[in-house]
Amino acid sequence: MSQKVAVLGTGKIGEALLSGMIRAGWAPADLLVTARRPERAEELRTRYGVTPVTNAEAAKTADTLILTVKPQDMATLLDELAPHTPADRLVVSGAAGIPTSFFEERLAAGTPVVRVMTNTPALVDEAMSVISAGSHASEADLAHAEEIFGAVGKTLRVPESQQDACTALSGSGPAYFFYLVEAMTDAGILLGLPRDKAHDLIVQSAIGAATMLRDSGEHPVKLRENVTSPAGTTISAIRELENHGVRAALIAALEAARDRSRALASGNNS
């Protein structure tokens, strides 16, 4: 962990990554950060003991550059980095929808690029980070990316052709669960429960269900059947979900998210 790592454009996800890396054993002295606002950079220095630098300084001195700016700002950042980034730097992109070829075309020939789609549970060390290699990335580069993002959750390697689907499922995935909890909370209020009690019931049920899915090894259909007794309350609720096309709506929603990821990759930001 003696290599220098720079996080460029350190927002919430970038800060979560910094915090996780430090807890996992990285020395703050080996971590560099860039931020658009000087006061934000100073805040990170005070909070974590990391070193704020300019984007150009990061490119010149860090062994690994983790780019966490918004997709629409990536081209501008690469224009700034390109004159200062040697071909032996590992570049890790966390921008949704942007292929590794976008970076390879703008940086020195042979620059290794790894694409990572993580999600907001990185803020609580429960991220799902999906990792893909560019055309010049080695096994060691992928392992290094896994080491970094493993500090804030689980990692999974996939071919880059599957990244848009992973963005739809896990990159955007937390929002679907938040949306479901919001709807179930409203239902609890309709059924006569105070909001705080409805919220606590649903959140703990979600945590328990997720833990069972992760730890039991059982198929979700089997777990659902275990809750669903003949002519009971659960099957009545599931019948209504099916009658209202909830399964079809979820599939359509994820297809829409995948298609939007593809559109972002093609430069369509509208």
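How many bridges join strand S5 to S6, and do the two run parallel or antiparallel? Three bridges link S5 (residues 90-93) to S6, and the two strands run parallel. This pairing is a good place to enter the structure, which is a predicted model.

## The chain as a whole

Let us step back and look at the protein chain in outline. Its secondary structure consists of twelve helices and eight strands. Along the principal axes, the C-alpha atoms fill a box of roughly 70 × 40 × 35 Å. The chain has 270 residues, and 38% of them are buried. Among contacts with a separation of 6 or more, 62% are between residues 24 or more positions apart.

The accessible surface comes to about 14800 Å², and carbon and sulfur atoms account for 59% of that area. As for charge, there are 25 positive and 32 negative side chains in the protein chain, with the centres of the two sets 3 Å apart.

## The sheet and its edges

The eight strands form an open sheet with mixed pairing, and their order is S3-S2-S1-S4-S5-S6-S7-S8. Strand S3 (51-52) and strand S8 (153-157) are at the edges with a single partner strand each, so one side of each has no neighbour in the sheet.

Further in, strand S1 (residues 5-8) and strand S2 (residues 31-34) run parallel and are joined by four bridges. Within this pair, Val7 stands opposite Val33 in S2, and Leu8 stands opposite Thr34 in S2. Helix H1 (residues 12-23) packs on the sheet here, where it touches S1, S2 and strand S4 (64-67). The direction of H1 makes about 170° with that of S2. Another helix that packs on the sheet is H7 (residues 163-171), which touches strand S6 (113-117) and strand S7 (127-133). The direction of H7 makes about 175° with that of S7.

Strand S1 is covered on both faces: Val5 and Val7 are buried on one side, and Ala6 and Leu8 are buried on the other.

## Strand S6 and its two partners

Back to the strand we started with. Five of the five residues of S6 are buried, so this strand is largely enclosed by the rest of the structure. Val113, Arg115 and Met117 point one way from S6, while Val114 and Val116 point the other way. Arg115 is thus a charged residue to note in this buried set, since Arg counts as positive and Arg115 is among the buried residues of S6.

On the S5 side, Val91 has Val113 in S6 as its bridge partner. On the S7 side, four bridges join S6 to S7, and these two strands run antiparallel. There, Arg115 has Ser132 in S7 as its bridge partner.

## Four residues outside the buried strands

The table places four residues by element and relative accessible area.

| Residue | Place | Relative accessible area |
|---|---|---|
| Thr51 | strand S3 | 32%, partly exposed |
| Asp125 | loop between S6 and S7 | 29%, partly exposed |
| Arg224 | helix H10 | 36%, partly exposed |
| Ala231 | loop between helix H10 (220-227) and helix H11 (233-243) | 82%, exposed |

Thr51 belongs to edge strand S3. Leaving aside neighbours within four places in sequence, Thr51 is in contact with Leu31, Leu32 and Val33. The C-alpha atoms of Thr51 and Met74 are separated by 22 Å, and the two residues are 23 apart along the chain.

Arg224 lies in helix H10. The C-alpha atoms of Arg224 and Thr234 are 9.2 Å apart, with their positions ten residues apart along the chain.

What are the backbone angles phi of Asp125 and Ala231? Phi of Asp125 is near 60°, and phi of Ala231 is near 55°. Most residues other than glycine have a negative phi. The positive value at Asp125 is therefore worth a look when you inspect the backbone of the loop between S6 and S7. Ala231 likewise has a positive phi in a residue other than glycine, and this residue sits in the loop between helix H10 and helix H11.

Note on methods
Residues are numbered from 1 along each chain as its sequence is written. This is a predicted model: local features need pLDDT of at least 70, side-chain atom pairs count only at pLDDT 80 or more; totals for chains, interfaces and linings use all residues. Side-chain values use heavy atoms; hydrogens and water are left out. Buried means under 20% relative accessible area, exposed over 50%, partly exposed in between (1.4 Å probe, protein chains only). Contact means heavy atoms within 4.5 Å. Accessible areas come from the Shrake-Rupley method with a 1.4 Å probe; for residues, only the protein chains shown count as cover. The place of a charge is taken as NZ of Lys, CZ of Arg, CG of Asp or CD of Glu. Two strands pair if DSSP finds at least two bridges between them. Axes are lines fitted to C-alpha atoms, for helices over the stretch in contact, and angles run from 0 to 180 degrees between N-to-C directions.
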